[in-house]
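Here are some notes for a colleague who is opening this structure for the first time. Please keep the sequence and the model in view while reading.

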Protein chains: 4
Amino acid sequence: MERPSPGPTPSGRRPRADAARNRSRLVAAARNAMAADGANVSLERVARDAGVSIATLYRHFPQRDALIEAVYQDEVGALVAAADDLRARQEPVVALREWLLLFVDFLDSKQGMSEALGTLLQGPDALFRDSSDRLASCVDALVRSARATGRLTTAIQPLDLLRAIGGIASVSPNVDWKASAERLVDVLLLGLGADADLVADRSPHPGTTP
Amino acid sequence: MERPSPGPTPSGRRPRADAARNRSRLVAAARNAMAADGANVSLERVARDAGVSIATLYRHFPQRDALIEAVYQDEVGALVAAADDLRARQEPVVALREWLLLFVDFLDSKQGMSEALGTLLQGPDALFRDSSDRLASCVDALVRSARATGRLTTAIQPLDLLRAIGGIASVSPNVDWKASAERLVDVLLLGLGADADLVADRSPHPGTTP
Amino acid sequence: MERPSPGPTPSGRRPRADAARNRSRLVAAARNAMAADGANVSLERVARDAGVSIATLYRHFPQRDALIEAVYQDEVGALVAAADDLRARQEPVVALREWLLLFVDFLDSKQGMSEALGTLLQGPDALFRDSSDRLASCVDALVRSARATGRLTTAIQPLDLLRAIGGIASVSPNVDWKASAERLVDVLLLGLGADADLVADRSPHPGTTP
Amino acid sequence: MERPSPGPTPSGRRPRADAARNRSRLVAAARNAMAADGANVSLERVARDAGVSIATLYRHFPQRDALIEAVYQDEVGALVAAADDLRARQEPVVALREWLLLFVDFLDSKQGMSEALGTLLQGPDALFRDSSDRLASCVDALVRSARATGRLTTAIQPLDLLRAIGGIASVSPNVDWKASAERLVDVLLLGLGADADLVADRSPHPGTTP
DNA sequence: CATGAATGAGGCTTCATTCAT
DNA sequence: AATGAATGAAGCCTCATTCAT
């Protein structure tokens with residue numbers, strides 16, 4: 001079956017290997033580039049970083065957005081997987097909290113990708129409906145579980161939690177943003193009615209202004 | 001005898017009128033443009049929208065930042081004034097809450113200006129120290145007063161409140177964002193320890209996902 | 001079977017033809033333009049003259065200097081070749097003289113290119129070390145040979161000979177400059193100690209002022 | 001007399017003082033600027049340096065060239081005066097030599113002005129005929145005197161001496177150019193037939209290449 | 001007279017995208 | 001299927017010059 005075909009009609013599908021390799025190289029390069037410069041990456045640069053020609057990039061991603069979306073898919077995939085895992089193994093409110101902290105970590109590790117992810121938080125009418133929806137369902141499920149325990153009383157749109165956190169993260173050069181974001185997670189949970197003892201107060205009395 | 005014309009029409013110093021008009025047109029155009037695209041506005045577009053030549057823009061604002069800063073000055077001025085007013089006339093925690101809601105209104109009325117304001121929330125090492133500092137001191141004072149009453153217990157960096165709110169606002173096309181933001185204000189205040197009765201629950205049980 | 005067309009026209013790799021044609025058009029246009037305005041050519045003009053888009057110019061010469069250097073390479077190449085030839089076939093002092101006269105011819109044929117070449121005479125710390133060095137070594141070798149015969153006594157930096165000649169040439173619109181330059185060659189050689197009979201006095205008593 | 005005028009008809013001519021002051025400030029500023037950047041000065045910069053408005057510059061020098069010419073007039077004036085002085089007090093050939101060395105000094109002290117002066121050496125069909133002619137007559141007279149003594153035999157166009165020297169000077173960043181230029185003066189004089197003993201060999205055997 | 005404002009034009013550079021091979 | 005070349009459009013900025021006051 002490896003053998004392409006002896007006849008004149010090409011039957012093998014081997015070129016796919018090259019194509020697939022190029023595709024993932026492109027996505028990886030785009031991810032890195034977006035981490036540095038946000039979603040305004042130069043496509044030429046992505047192609048160069050990926051080691052392919054610009055025309056090849058266009059073959060794989062005929063519209064600029066297609067490439068961006070591909071990056072999002074990757075990123076969101078990881079977040080969703082983590083959420084599934086946490087929900088399976090933790091008490092709901094804890095799972096929510098852990099996931100939000102994970103989200104903070106995630107933003108931290110991607111420095112700048114935050115801006116890109118921000119796009120996904122804009123809601124479903126954007127160009128990236130698919131990833132956007134996956135992410136939304138993911139937080140939604142976490143919040144729904146937590147509220148089902150009766151331990152979260154105040155209502156809020158789940159995505160808004162991520163938006164608020166993202167708001168802090170998007171001011172990238174702010175050195176201490178991660179601590180701020182982690183505190184915000186707890187303020188939000190408290191505000192939603194979570195027990196105070198859930199939230200270990202790890203960092204007392206921060207300064208008021210940076 | 002200095003005054004050449006006795007009538008109401010001043011004849012002596014009118015050229016300034018043109019310049020001033022152009023200047024404010026430029027700032028207005030920049031504000032609008034920034035509402036759409038954030039601080040990365042194309043200067044050429046601003047000039048075009050303002051109906052002046054690009055060179056005129058450069059005469060008024062020789063460095064790009066000067067224009068941005070001018071926009072910020074305007075915006076921040078209004079916010080600071082409102083804060084002073086509220087602090088003078090309201091109980092501290094209420095003043096804080098009212099101001100945050102005002103901030104939401106403000107972002108709403110500026111649609112997208114949020115991103116521009118976001119720049120100011122990045123902290124003092126940015127290029128726009130002046131406006132940035134003014135805004136920071138402003139929230140700072142409000143939060144300090146509120147905490148001084150003993151009615152706010154949990155600590156958070158004041159600017160982070162704005163950042164969180166801004167996070168929700170920055171997803172401009174989201175139709176319902178204002179309601180979300182207003183709810184976030186209360187969630188945040190509750191999370192900071194404010195009395196539940198302070199926060200009239202005007203909006204019960206919102207949907208979960210947009 | 002690979003070759004679609006049996007005729008002499010190669011079919012397989014033609015795109016290069018376009019690129020090469022554009023490249024040489026660009027260099028030619030640049031040479032002409034530099035002849036008029038020196039190395040401060042407007043790149044836009046070069047592109048326009050060459051009949052290609054400005055972006056194409058940038059593809060071939062991503063840095064302005066790359067284009068200039070390309071022009072220099074061409075010009076210097078010809079001069080060096082001539083020097084090698086003369087040294088191989090002439091008595092040293094004669095070779096030097098002939099080459100200097102050739103240099104004059106050269107400047108003459110390039111009208112204004114002189115200014116561009118002037119850049120090369122500035123010495124090795126300039127941006128165009130490569131061409132610069134090649135030219136310097138070239139004159140150096142000629143002068144060294146001539147001095148080795150003992151027939152040139154006074155010392156001078158070889159490049160200064162070219163600089164002096166270039167000084168006369170750089171006043172392009174001066175109609176008679178070539179005669180002046182040729183006379184200068186002999187004055188210089190005499191000043192360096194060459195035998196008077198080497199220098200056939202072809203041009204007696206020129207006018208004093210143009 | 002401070003008082004402008006009591007009657008309706010302005011009678012005083014005081015504004016001339018201002019005008020004259022502005023004019024010389026402009027010329028001075030232009031000279032400095034040209035020393036730094038050659039003749040491509042930005043007129044705005046000149047006006048700014050001179051402390052007057054750009055429009056005032058235009059009132060004094062309606063065409064860009066008028067300003068340049070004014071600068072030339074100044075510079076050439078100094079050189080001509082020196083020549084007159086030397087001719088009056090020195091033996092002709094010595095006077096010529098001294099003046100050429102002075103010319104070298106002059107170029108040295110003006111670093112960059114050299115380019116500007118270069119313009120004057122281009123000959124009479126340029127835009128700056130007046131200064132150009134004055135300079136030409138000046139060298140002419142020096143050379144004529146020297147040749148009249150019979151001690152200069154070979155002929156050359158007087159201006160070409162300056163052009164050759166200027167050729168060396170115009171390569172400004174070349175650290176050692178002044179020594180080169182001084183040596184060239186002697187090579188030229190020797191080449192023209194001057195006695196070797198006139199030319200004190202102050203600097204034996206320089207290196208060949210920089 | 002002098003001024004500051006305004007402008008048109010031009011140069012530089014980068015990019016997303018299309019095309020011929 | 002992949003490539004390198006080419007392009008138009010757009011952004012940035014600076015300048016010489018004109019105009020209204």
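The points below deal with the two DNA strands and then with aromatic pairs.

1. The model is a predicted one, and the protein surroundings of each DNA strand are a useful place to begin. Around DNA strand E there are 39 residues, and those that come nearest are Asn22(B), Arg59(B), Leu43(C), Tyr58(C) and Thr56(D). Of the atoms of this strand that come within 4 Å of the protein, sugar and phosphate account for 64%.

2. Chain C offers several polar contacts to phosphate oxygens of DNA strand E. A side-chain N or O atom of Tyr58(C) is 2.3 Å from one phosphate oxygen, while polar backbone atoms are involved at Leu43(C), at 2.6 Å, and at Glu44(C), at 3.2 Å. Among the elements that give two or more residues to the surface near DNA strand E are helix 2 (43-50) and helix 3 of chain C, together with helix 1 (15-37) and helix 3 of chain D. The largest share, five residues, is supplied by helix 3 of chain D. By class, this surface has 17 nonpolar, twelve polar and ten charged residues.

3. DNA strand F is surrounded by 36 residues, the closest being Ala55(A), Thr56(A), Tyr58(B), Asn22(C) and Arg59(C). Sugar and phosphate make up 63% of the atoms of DNA strand F that come within 4 Å of the protein. The surface near this strand divides into 16 nonpolar, eleven polar and nine charged residues, and the elements that each supply at least two of its residues include helix 2 (43-50) and helix 3 (54-60) of chain B.

4. Which atoms of chain C approach phosphate oxygens of DNA strand F? Polar side-chain atoms do so at Arg59(C), at a distance of 2.6 Å, and at Thr56(C), at 2.7 Å, whereas at Ala19(C) a polar backbone atom lies 3.5 Å from a phosphate oxygen.

5. Over all chains, the count of aromatic pairs comes to four. In one of them, the ring centres of Trp99(A) and Phe103(A) are 5.8 Å apart and the planes meet at 20 degrees, so the pair is stacked, the limit for stacking being under 30 degrees. Trp99(A) and Phe103(A) are four residues apart in helix 5 (residues 92-110) of chain A, and therefore about one helical turn separates them. Both residues, Trp99(A) and Phe103(A), are buried.

6. Chain D has a stacked pair as well, formed by Trp99(D) and Phe103(D), with 5.8 Å from centre to centre and 20 degrees between the planes. Trp99(D) is buried at a relative accessible area of 0%, and Phe103(D) is buried at 1%.

Technical notes. Residues are numbered from 1 along each chain as its sequence is written. Chains are lettered from A and ligands numbered from 1 in the order in which they are written. This is a predicted model: local features need pLDDT of at least 70, side-chain atom pairs count only at pLDDT 80 or more; totals for chains, interfaces and linings use all residues. Side-chain values use heavy atoms; hydrogens and water are left out. A residue is near a molecule or strand if one of its heavy atoms lies within 4 Å of it. A polar contact is a pair of N or O atoms within 3.5 Å; within protein, one must be able to donate a hydrogen and the other to accept it, and residues adjacent in sequence count only if both atoms are side-chain atoms. Ala, Val, Leu, Ile, Met, Phe, Trp, Tyr, Cys and Pro count as nonpolar, Asp, Glu, Lys and Arg as charged, and the others, Gly among them, as polar. Rings of Phe, Tyr and Trp (its six-membered ring) pair if their centres lie within 6.5 Å; planes under 30 degrees apart count as stacked, over 60 as edge-to-face and the rest as tilted. Buried means under 20% relative accessible area, exposed over 50%, partly exposed in between (1.4 Å probe, protein chains only).
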